[in-house]
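User: Could you walk me through this protein and show me how its labels are earned?

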Amino acid sequence: MSSARKHILEGMEDSLRRLDLPYVDIVYAHKPDPDTPMEEIVRAFNHLINAGKTIYWGTYDWSLTEITDAVDTAERLHLVGPAAHQPEYSLLAQLRVTREYTPLYGVDPYGLTTHSPLKKGILTGKYNIVTSPPPGSRLAESRAKFIEEYRKTFGDAAWEKDAAKVEKLREIVKDLGVSVAQLSIAWTLFNQDVSCVITGASRVDQVMESVRSLDVLPKFTVDISARIREVTG
């Protein structure tokens, strides 16, 4: 995905037109682009800020090295650097947040807006009792490229390993009286380095279940946290 100045400016205009908004609070550079100089990327997002199209800009699934390059480039040019990062983070995808990005934490005003807290649905537990993605599910119906790629992994060794962890999490949620999905979302929110969590939903009841994850936070005792770590590593 190109982060050339032309594509950033045109993409912003297209997004604002579809949203019917004059500006957004933050816009993210979606995926790193090794073919575009970092200075061009930084200047393009600063153009959007100066034009009143956005207040802040951030990064999505960049490496720590790429984020640091953007921050350093902005400082050198006396421009606005990225203010937040949007990585994948869940009980089944922890390492980048808990290890790679740790130098970012505590750097004012950098924040984490994490995505995929249910790892594309596997942490709902609904895929554990079927031999293929059930009709009507996102994994079965979505034509998004990243979902189609994930669908190909259904039933492979890595999938089965994750599914086994979900089964063990079921034992924990039975004691808490919540769902695996609610536990999973609450767990990401429990991390003090996470500013907010982006959830996905295709039905109203899924939205409401996600909101009820907030009620799970007070249940995170030392014992529960230890049991979760034992399952997920």
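Analyst: Sure! Domain bounds here come from an automatic or database domain assignment. With those bounds, the C-alpha centres of domain 1 and domain 2 lie 27 Å apart; domain 1 covers 1-86 and domain 2 covers 87-232. Keep in mind that this is a predicted model, where local features need pLDDT of at least 70, side-chain atom pairs count only at pLDDT 80 or more, and totals for chains, interfaces and linings use all residues. Residues are numbered from 1 along each chain as its sequence is written, and side-chain values use heavy atoms, with hydrogens and water left out.

User: What makes residues of domain 1 and domain 2 count as in contact?

Analyst: Their heavy atoms must come within 4.5 Å. By that rule, 14 residues of domain 1 touch 14 residues of domain 2.

User: How do you know what area domain 1 and domain 2 bury between them?

Analyst: Buried area is the accessible area (1.4 Å probe) that two parts lose on being put together, summed over both. Here that comes to about 1100 Å², with 55% of it on carbon and sulfur atoms. L64, H85 and Q86 supply 51% of what domain 1 buries against domain 2, more than any other three residues.

User: Why is the pair F45 and W57 called stacked or edge-to-face?

Analyst: Rings of Phe, Tyr and Trp (its six-membered ring) pair if their centres lie within 6.5 Å; planes under 30 degrees apart count as stacked, over 60 as edge-to-face and the rest as tilted. The whole structure has three aromatic pairs. For F45 and W57, the centres are 4.6 Å apart and the planes are at 5°, so this pair is stacked.
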